[in-house]
Amino acid sequence: MNMVHEIDYGTPASKSEKLVTLTIDGREITVPEGTSIMRAAMEAGIEVPKLCASDMMDAFGSCRLCLVEIEGRAGMPASCTTPVAPGISVSTQTQRLKDVRRGVMELYISDHPLDCLTCAANGDCELQDMAGAVGLRDVRYGYDGSNHVKARSNGGEINLKWAPKDESNPYFTYDPAKCIVCSRCVRACEEVQGTFALTIGGRGFDSRVAAGMNEDFVSSECVSCGACVQACPTATLTEKSVIEIGQPEHSVVTTCAYCGVGCSFKAEMRGEELVRMVPWKDGQANRGHSCVKGRFAYGYSSHKDRILNPMIREKITDPWREVTWEEAFTHVASEFRRIQYQYGRDSVGGITSSRCTNEETYLVQKLVRAGFGNNNVDTCARVCHSPTGYGLNQTFGTSAGTQDFDSVEHTDIAVIIGANPTDGHPVFASRLKKRVREGAKLIVIDPRRIDLVRSAHVEASYHLPLKPGTNVAILTSMAHVIVTEGLANEAFIRERCDWSEYEDWAAFVAEPYHSPEASEAYTGVPADLVRGAARLYATGGNGAIYYGLGVTEHSQGSTTVMAIANLAMVTGNIGRPGVGVNPLRGQNNVQGSCDMGSFPHELPGYRHISDDATRDIFEKLWGVSLNNEPGLRIPNMLDAAVDGTFKALYIQGEDILQSDPDTKHVAAGLAAMECVVVHDLFLNETANYAHVFLPGSTFLEKDGTFTNAERRINRVRRVMRPKNGYADWEVTQKLAQAIGLNWNYRHPSEIMDEIAATTPTFAMVSYDYLDKMGSVQWPCNEKAPLGSPIMHVDGFVRGKGKFIRTEFVATDEKTGPRFPLLLTTGRILSQYNVGAQTRRTDNVIWHAEDRLEIHPHDAEQRGIRDGDWVRLASRSGETTLRSLITDRVAPGVVYTTFHHPTTQANVITTDFTDWATNCPEYKVTAVQVSPSNGPSDWQRDYDEQARQSRRIAGKLEAAE
Amino acid sequence: MSPDTNAKLIYMANQIATFFKSQPAAEAAEGVATHINKYWEPRMRRKLFEHIDHGGEGLNPLVLEAAAKIRRPEAA
Ligand code: SF4
Ligand code: SF4
Ligand code: SF4
Ligand code: FES
């Protein structure tokens, strides 16, 4: 196998449509105007020596290695900074150029250690390559003079120019002795990542790369995205894994398994050992960038806590007993058969995972529908984006986001609602910040002052710090402003939407009680801010709305999604690049798990189970008759379990006990079941209540596809054998065989073929086609063979866009004297969701525990100091954690993350849910905060129960 | 049946009714019925009808109005 080879063209592509023809080394070449001579040469196959240039960032022109001569022009211009011009004739290799380049290289090398043989970059060093390219044969100057290489001079004096290595970051090192001060790292941090953590300090020969205010990397603003490491041409910034293992020998393109951005990576391998992950430049979601999780946080896949053998136990109080796969499958099959016989066909169900592949999700829902004979299948997406599905389906006719990520390059006004992209969707945030630096405006609607409100080179035009739970009121007030101030795009509405529905809606939002002045009383947002934001969105050019769980996880989540869709329609911001409605999906395959029929009322492709024609397709293919009634959703399953009518559950790759609200209710539901099967990498929290544990495989160990937030179907490719023996799809297949289904998929590509054959929006998708195209965005069928980057281009999927009235209804979760504060929850960059993976990597150095953010005013009133243990109590329960005093949250609002199981933030959350989809209301809980001495009784009991239930017979207690 | 889950079901039905009550009057009851038919598993609808048959205490009038259009599952 080979390394996936990527060409570095030296400078970014020009977007100009005008073409220019020139001659380079006698070869005629035509390129877009504005292209650099360096890039034009590379496109013609001529590689000009370079050190400071890379096509990930703008040319800088500092190393003077890329000089060329142009006929009729004096001097030797740098080819990276000199654009092409019509008719010029360029030479890249002349005696004069050769001499100058050698001279430049000689100077570089004379201040660079010559320990190439033992250097981590040996074999992957551009300085080495360039020394070779220019034919450097000797270096006349030694290290006797001024240098950065030696800690001490030959005479033994301390060399003040030398600096020690910085190894503070867990994933990469910085060795100043090897730095050639090309600024690539600094520019990568600015232009690609947008964090501005690095600078070149000092001048001339004394200049040096510095993180933050001359801090070590880990104490600086650095977010460990690794863009600088990737950009560095030498071993100065190097992955620790490369230092430890050596250079990779082959690489495979695959997809990150963390968030909904769906970054493409090259997994660079040595045998079956993963050396490093490098973002793939052709990845259409990430364009060569990534965040700390995807690039570095894969250590969990070989963590000692991973369970590799199936286990069963009679009662959840027993220790686990390791068994063979055969025994585990037979046991599950006989238990499910017994339970269905005893309690009825509908007493069992399954949960699909938004972390697993499309193919695996498809199989789990097929197992439930064809094998169990009911529709009790749901997915964790229930607890995050089900309102997106409902709301967009009602208004637009399909439940997907409308754009691709590239669209942001054309956005003039970005509205961010209830999302924190720099933490939750970092690579999208980098792309958005880049656009903002180019002049786009930002409107942030969020109770908390997220980083996008103000950070390096980013400042939102408006921040509407609304009270948690009042999204609908704010958005309806914005609509009020747009309609009453005559800013509606009536031409668009007349052409694309139902006019009489629009008139009804417009009259509704125009009512005075929807004005920002009226809603201010409960949203807490000054009316003039709402008016200003609404005007800007309606009139500022291409307006795009990006939203996250802060929209969906409310009792009015679905209504909020409709309100967002209304705003996009009333301003005509739909159907072209730069606009649209963009749900930012949490987990990597939330989109895919929804597409694959994970919901109890829907077959793959969002077709209702009561639709005879759709059922017919699957009935014929599967040879069964399907139940035409909707099944139970996760919260309904738990309710039914408490009622005694639901007894067995197969859970693939989800941790409902930690991720679902009202932990005590989830625990009660699980405890009432007779056979809970958990299929996961680790003994997660849900497994405390499981009777069977089936070990899972990681994304590195299986083939499949993930569908990201822009509907992009990306390949996941296996780079090593499953440590547990079977990929997850094989486990589901064997389970299906054990219960008597005749499944014989030999490879996930065959599952995709079945999906394509049954689901019109996937009709043209196959592994061969994906290999050819890189990736495609569904719908991908005869009508759209190249896929669909943007939806609703010539009209809405449902025909006419539907305006729907959105009446604000305050949640029943209200503050009062006992619970005067509102708790809202979120996530941070280095940890992921329930943290089962990231907690098992070095990412813990950035977030060792969940903290409660509280405003100084509220803290003072309660006598709480920064870092104190506090008790957090709601009507549902209480927990303890440490405080973090900050004015990022408004008075009256507190905030925490939910990455660590001991925090038990979901003991606090209530079981209120979205009216339409039962998506839990995570984002608003009335609480009280008071000083505390340490963990609550519940936390202590819980820890003890968890410890007990993780015992494995014959093994020492598994350490968490 | 636990009184707790019954109360939750009533609450859910009322939440749905609250949304549709704000919609044009002609569509309101139909909206509630369609929603429940589409998303409620028969067990849940059965419980709802049991409650309605016992007087439907605590239910939003719009739910009661919609009941005629909600599919009644066969008795368990
Ligand atoms: S890792 Fe990323 S954030 Fe940190 S210095 Fe490098 S480019 Fe900047
Ligand atoms: S650390 Fe690497 S990328 Fe940065 S200036 Fe030094 S050599 Fe260049
Ligand atoms: S976690 Fe998200 S942003 Fe980070 S690398 Fe993975 S897909 Fe990209
Ligand atoms: S590559 Fe052009 S000056 Fe460095």
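Start by selecting ligand 2: among the 13 residues around it, the nearest are Cys179(A), Cys182(A), Ser183(A), Cys185(A) and Cys232(A). A residue counts as near a molecule or strand here if one of its heavy atoms lies within 4 Å of it. Sorted by class, this shell holds nine nonpolar, three polar and one charged residues. Nonpolar covers Ala, Val, Leu, Ile, Met, Phe, Trp, Tyr, Cys and Pro; charged covers Asp, Glu, Lys and Arg; the others, Gly among them, count as polar.

Before you click on, keep in mind that this is a predicted model, where local features need pLDDT of at least 70 and side-chain atom pairs count only at pLDDT 80 or more, while totals for chains, interfaces and linings use all residues. Residues are numbered from 1 along each chain as its sequence is written, chains are lettered from A and ligands numbered from 1 in the order in which they are written, and side-chain values use heavy atoms, with hydrogens and water left out.

**Two more ligands**

Now pick ligand 1. Around it you'll find Phe172(A), Cys189(A), Leu198(A), Phe217(A), Cys222(A), Val223(A), Ser224(A), Cys225(A), Gly226(A), Ala227(A) and Cys228(A). That shell has nine nonpolar residues, two polar and no charged.

Hop over to ligand 3. Of its 13 surrounding residues, Cys256(A), Tyr258(A), Cys259(A), Cys263(A) and Cys291(A) come nearest. Helix H7 (292-296) and helix H12 (426-437) of chain A are the elements that give two or more residues to this shell. Helices (H or I, at least four residues) and strands (E, at least two) are DSSP runs, numbered from the N terminus. By class, the shell around ligand 3 has nine nonpolar, three polar and one charged residues.

**A hairpin**

Next, select strands E6 (residues 198-201) and E7 of chain A: four bridges join them, and they run antiparallel. For two strands to pair, DSSP must find at least two bridges between them. In general, strands of a sheet pair through backbone hydrogen bonds, either parallel or antiparallel. Look for Gly201(A), which stands opposite Arg208(A) in E7(A). Six residues lie between the strands of this hairpin, and Gly202(A) takes a positive phi near 75°.

Which way do the residues of E7 (residues 208-211) of chain A point? Arg208(A) and Ala210(A) point one way, Val209(A) and Ala211(A) the other way, and all are buried. Buried means under 20% relative accessible area, exposed over 50%, and partly exposed in between (1.4 Å probe, protein chains only).

**Two single residues**

Try Glu191(A), in helix H4 (residues 184-193) of chain A. Is Glu191(A) buried or exposed? At 17% relative accessibility, Glu191(A) counts as buried. Leaving aside neighbours within four places in sequence, Glu191(A) is in contact with Met57(A), Asp58(A), Lys434(A) and Arg437(A). Contact means heavy atoms within 4.5 Å.

Then go to Ala53(A), in the loop between helix H1 (37-43) and strand E3 (69-70) of chain A. Ala53(A) also counts as buried, at 2% relative accessibility. Not counting residues up to four places away in sequence, Ala53(A) touches Asp8(A), Gly10(A), Met38(A), Cys80(A) and Arg184(A).

**Helices that pack**

Show helix H13 (residues 471-484) and helix H15 (residues 499-510) of chain A: they pack at an angle of about 105°, with their axes 8 Å apart. Axes are lines fitted to C-alpha atoms, for helices over the stretch in contact, and angles run from 0 to 180 degrees between N-to-C directions. That makes H13(A) roughly perpendicular to H15(A). Angles under 35 degrees count as roughly parallel, over 145 as roughly antiparallel, 65 to 115 as roughly perpendicular and the rest as oblique. The residues of this contact divide into eight nonpolar, three polar and no charged.

Keep H13(A) on screen and add helix H16 (residues 516-523) of chain A; their axes come within 10 Å and cross at roughly 170°. H13(A) and H16(A) are therefore roughly antiparallel to each other. From H13(A), Ala473(A), Ile474(A), Ser477(A), His480(A) and Val481(A) meet Pro516(A), Ser519(A), Tyr522(A) and Thr523(A) of H16(A).

**Last stops**

Select helix H26 (residues 748-758) of chain A. Eight of its 11 residues are buried, so H26(A) is largely enclosed by the rest of the structure.

Finish with the barrel of chain A, where six strands close up in the order E31-E35-E32-E34-E33-E36 with mixed pairing. From one strand to the next, the twist averages 45°. Zoom in on E31 (residues 821-826) and E36 (residues 925-931) of chain A, which run antiparallel and are joined by three bridges. There, Leu822(A) stands opposite Ala926(A) in E36(A).
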